[in-house]
Amino acid sequence: MVEPSCAELIAEAAAAPVDGWGFGWLDGRATEERPPWGYARQVAARMATVTAALDIDTGGGEVLAELPQPPPLLVATEAWPPNVAVARRTLRRVGARVVQIAPGSRLPFRAAAFDLVTSRHPVDTGWAEIARVLRPGGRYLSQQIGAGTMRELSEAVLGPLPPPATRHTAQAVAAARTAGLHVARLEQATLRAVFHDVGAVVWFLRKVVWTVPDFDVDRYRPQLERLHAHIRAEGAFVAHSRRFLIEAVKPTDGPA
């Protein structure tokens, strides 16, 4: 069997859809270790105990869609229009309402509306807005992208980069406290990611846009060809993602 060429792999990945926030297209082509805390399981356990919950940056609704016991009121927000349509279809089963919002805008909900707010891999965390919509005693649970995630891949395309200035856990903790929340839990993990062909790299960069913010196949074709040669010689390209889990509580007796 003739192996596909670099150009064929790139073209296939460039044409593949990247809607939603699922990564099934990478099955058999790339792997990434999962964080040890089991975010979806943590979310499901908390959702089963509350009456009103909000999921921010829901993507295609992949996490909420698996809830075995959704709360009576379940709302999700999403800013990217293609994902909004996917999420609305996906979340009908659990009775969630999907609200499209503009990036960086205020949450269109009244104060103290939710017992629980969740978010997996938010683009930005609006701590003040989260604190506002949480009821006293309510919780924010989020799995976030850590500083320097996929740095090996970013540098393979962009060249050497300065140390990361954002997405540090200390910054998240400080911002939560400034918003009046108490950080009850913080865990971190470094996870091995393995790409088995350059098509997987292209598809990943199209989907996870902050890895190479100006990614374009034609602009970076020489770098992609070098990655293809590396994968053919070494069997894979290895990078590392960084994740952290943060859980913050709104005090019942005023600011923390």
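**Close-up views of a predicted model**

**View 1. Strands β3 and β4 run side by side in the parallel sense.** Strand β3 (residues 73-78) pairs with strand β4 (residues 97-100) over 4 bridges, and the sense of the pairing is parallel. If you want one contact to look for, try T77, whose bridge partner in β4 is V99. To get from β3 to β4, the chain goes through helix α3 (residues 81-90), and this β-α-β crossover is right-handed. Keep in mind that this is a predicted model.

**View 2. The stretch that carries a UniProt domain label.** Residues 54-140 are covered by the annotation "domain: Methyltransferase type", which comes from an unreviewed UniProt entry. Over residues 54-140 the chain is 20% helix and 30% strand. Check the two ends of this stretch as well: their C-alpha atoms are 9 Å apart.

**View 3. The largest pocket, at about 790 Å³.** Here we're looking into the largest pocket, which has a volume of about 790 Å³. It's lined by 36 residues, and the closest to its centre are D57, E78, A79, P122 and V123. Which elements give two or more residues to this lining? They are β5 (114-120), α4 (127-133) and α7 (198-207). Sorted by class, the lining of the largest pocket comes out at 16 nonpolar, 10 polar and 10 charged residues.

**View 4. The second largest pocket, at about 550 Å³.** Next up is the second largest pocket, with a volume of about 550 Å³. Its lining has 27 residues, and F23, E32, R34, H121 and R243 are the closest to the centre. At least two lining residues each come from β1 (30-32), α2 (39-47), β6 (134-145) and β7 (182-195). The class tally for the second largest pocket is 16 nonpolar, 6 polar and 5 charged residues.

**View 5. F23 meets W203 edge-to-face.** The model has 6 aromatic pairs by count, and one of them is F23 with W203. Why is this pair called edge-to-face? The ring centres of F23 and W203 are 5.9 Å apart and the planes sit at 80°, so the pair counts as edge-to-face, given that the label applies to planes over 60 degrees apart. F23 is in the loop between α1 (6-15) and β1, while W203 belongs to helix α7, so the pair ties together parts that are 180 residues apart in sequence. You've met F23 already: it's among the residues closest to the centre of the second largest pocket. Helix α7, for its part, gives two or more residues to the lining of the largest pocket.

Notes
Residues are numbered from 1 along each chain as its sequence is written. This is a predicted model: local features need pLDDT of at least 70, side-chain atom pairs count only at pLDDT 80 or more; totals for chains, interfaces and linings use all residues. Side-chain values use heavy atoms; hydrogens and water are left out. On a 1 Å grid over the protein atoms alone, a cavity is a set of points where a 1.4 Å probe fits but cannot get out, and a pocket is an open set with protein on both sides within 12 Å along at least five of seven lines; lining residues have an atom within 4 Å of a point. Grid points are joined across faces, edges and corners, and a volume is the space filled by probe spheres set on the points. Ala, Val, Leu, Ile, Met, Phe, Trp, Tyr, Cys and Pro count as nonpolar, Asp, Glu, Lys and Arg as charged, and the others, Gly among them, as polar. UniProt positions are given in the numbering used here, feature names are shortened, and annotations may be inferred rather than shown by experiment. Two strands pair if DSSP finds at least two bridges between them. A crossover is right-handed if, with the strands pointing away from the viewer, the path from the first strand over the helix to the second runs clockwise. Rings of Phe, Tyr and Trp (its six-membered ring) pair if their centres lie within 6.5 Å; planes under 30 degrees apart count as stacked, over 60 as edge-to-face and the rest as tilted.
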